[in-house]
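Let's take a walk through this protein together. Keep the viewer open beside you and pick out each residue as we come to it.

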Amino acid sequence: MEKTAIITGASRGIGKACALELAGSFDNIVINSCHNIADLEQTKKEVEAKGAACLMITGDAGDYDTVSSMMDKISAAFPSIDLLINNAGISYVGLLSDMTITDWNRIINTNLTSVFNFCKHIVPLMVSQKSGHIINISSMWGISGASCEAAYSASKGGVNAFTKALAKELAPSGIRVNALACGAIDTQMNNCFSQEEINAFCEDIPACRLGYPEEIARMVYHLYESPFYLTGEVIKIDGAYL
C-alpha cells in the first residue's frame with residue numbers, strides 16, 4: 001500500500017529536510033507553505049527527483065478555512081494519510097512590552113492553531129484507518145521558556161501539551177502523536193541574530209554548535225519507524241542544552 005506524508009512549512013529548513021528525507025521511503029509527499037513559493041517549488045523538484053510523487057499546496061496553515069480547502073485537494077489526490085508533520089512556524093524576538101496583539105495572534109496562529117487545524121481535519125481520516133502518526137515540530141523553549149520570546153515559548157508550550165493530550169485521546173484508535181522539542185537549529189529563522197550572537201550562543205551549547213535540519217529530519221523518520229508504544233512524548237533534540 002502506498003504511504004503518504006504531509007509536511008507543513010516545507011519550503012526550507014526543517015520542513016524541506018523532512019520532505020527530502022521521507023522521499024526515499026514514502027510514495028507521496030504533500031508539501032505546504034504560505035510564503036516562499038519559489039522555494040516550495042524547488043522542494044517539490046528535489047522530492048520528485050528522489051522518486052516520490054509530490055503535491056504542492058500553498059496557503060496559511062494557521063487559517064482554518066484555508067486548511068479545509070487544502071485538505072479537499074489532498075483527499076482528492078490521496079485516499080489515506082500515514083504521517084502528518086506539523087512544522088509551520090515563525091518566531092518573534094523582542095520585549096513583551098513592545099509586542100502588539102497582531103504580533104501575538106500571528107505567532108499563536110502560525111505555531112499552535114495550525115497544529116489544531118491540520119489535526120482537526122486529518123484525525124477523522126486516521127481514526128477510520130485505525131492507523132497514523134502525527135509528529136509536531138516543537139522547541140526546547142516550549143519546555144523552559146526563552147527571554148524575549150514569550151509568545152514563541154507559549155506557542156510551543158501549547159504544542160507540547162496538545163501533543164500529550166491528543167496522544168492519550170488517539171492511542172486506542174491506533175494513532176500515535178509525538179513532538180520533537182528542537183534546540184537551536186541552523187535555519188533562516190535565526191537570521192535576526194548576528195553571527196557574533198550565534199557564536200556566543202553556541203558556546204553555551206554542550207554540543208558546541210547549532211543543530212542541522214537534516215538531523216531533525218532523520219529523527220522524524222526514526223520516530224515514525226519506532227514502536228507503537230512510543231507515543232505522547234516530547235523528545236528533546238538540543239545538543240544537551242537543557
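What follows goes from a few residues inside the fold to the pockets, the aromatic rings and two unusual backbone angles. Please keep in mind along the way that this is a predicted model.

A good place to begin is N178, which you will find in strand β6, spanning residues 175-182. Is N178 buried or exposed? With a relative accessibility of 0%, N178 counts as buried, because buried means under 20%. Its surroundings draw on several stretches of the chain: setting aside residues up to four places away in sequence, N178 touches H133, I134, I135, N136, T163, L223, L230, T231, G232 and E233. Take E233 from that list: 55 residues separate N178 and E233 in sequence, but their C-alpha atoms are 5.1 Å apart in space. L230 deserves a look too, since the side chain of N178 reaches the backbone oxygen of L230 at 3.0 Å.

One of the residues touching N178 is N136, and that gives us our next stop. N136 lies in strand β5. Like our starting point, N136 counts as buried, because its relative accessibility is 0%. What does the side chain of N136 make a polar contact with? The partner is the side chain of N86, at 2.9 Å. Again leaving out residues up to four places away in sequence, N136 touches N86, V115, V159, F162, T163, V177, N178, A179 and L180. Notice T163 here: T163 touches N136, and T163 also touches N178. For a sense of scale, try drawing a line from N136 to N32; these two are 104 residues apart in sequence, and their C-alpha atoms are 15 Å apart.

Now move to strand β2, where I31 lies. This isoleucine is buried as well, with a relative accessible area of 0%. Apart from its neighbours within four places in sequence, I31 is in contact with I7, A10, A19, L40, T43, K44, C54, L55, M56 and I57. If you would like a reference distance across the model, I31 and I205 are 174 residues apart along the chain, and their C-alpha atoms are separated by 32 Å.

Next come the pockets. The largest pocket holds about 1200 Å³ of space. It is lined by 48 residues, and those nearest its centre are G89, I90, S91, T187 and M189. Two or more residues of this lining come from each of α1 (13-22), β2 (28-33), α4 (101-129), β5 (132-139), α6 (150-170) and α7 (195-202). Which element gives the most to the lining of the largest pocket? That is α4, with 4 residues. By class, the lining divides into 19 nonpolar, 23 polar and 6 charged residues.

The second largest pocket contains about 150 Å³ of space. Its lining is made of 16 residues, with L210, G211, I237, D238 and G239 nearest the centre. This lining has 10 nonpolar, 3 polar and 3 charged residues.

Let's turn to the aromatic rings. The structure holds 4 aromatic pairs. One of them joins F201 and Y241 in a tilted arrangement, 5.1 Å centre to centre with 45 degrees between the planes. F201 lies in helix α7 and Y241 in the segment after β7 (234-237), so the pair ties together parts that are 40 residues apart in sequence. Both partners are partly exposed: F201 has a relative accessibility of 23%, and Y241 has a relative accessible area of 26%. Ring pairs also bring in W141, linking W141, F201 and Y241 into a cluster.

Finally, two spots on the backbone are worth a click. Most residues other than glycine have a negative phi. K130 has a positive phi, near 60 degrees, and sits in the loop between α4 and β5. At 61% relative accessibility, K130 counts as exposed. C148 also has a positive phi, near 70 degrees. Where is C148 found? Look in the loop between α5 (141-144) and α6. C148 counts as partly exposed, with a relative accessibility of 31%.

Technical notes: Residues numbered from 1 in each chain as written. Predicted model: local features only at pLDDT ≥ 70, side-chain atom pairs only at ≥ 80, totals over all residues. Heavy atoms only, no water. Buried < 20%, exposed > 50% of the residue type's maximum accessible area, 1.4 Å probe, protein only. Contact = heavy atoms within 4.5 Å. Polar contact = N/O pair within 3.5 Å; in protein donor to acceptor, adjacent residues only side chain to side chain. 1 Å grid on protein atoms, 1.4 Å probe; cavity = no way out; pocket = protein on both sides within 12 Å on 5 of 7 lines; lining within 4 Å. Points joined across faces, edges and corners; volume = space filled by probe spheres on them. Nonpolar A, V, L, I, M, F, W, Y, C, P; charged D, E, K, R; others polar. Phe/Tyr/Trp six-rings, centres within 6.5 Å; stacked < 30°, edge-to-face > 60°.
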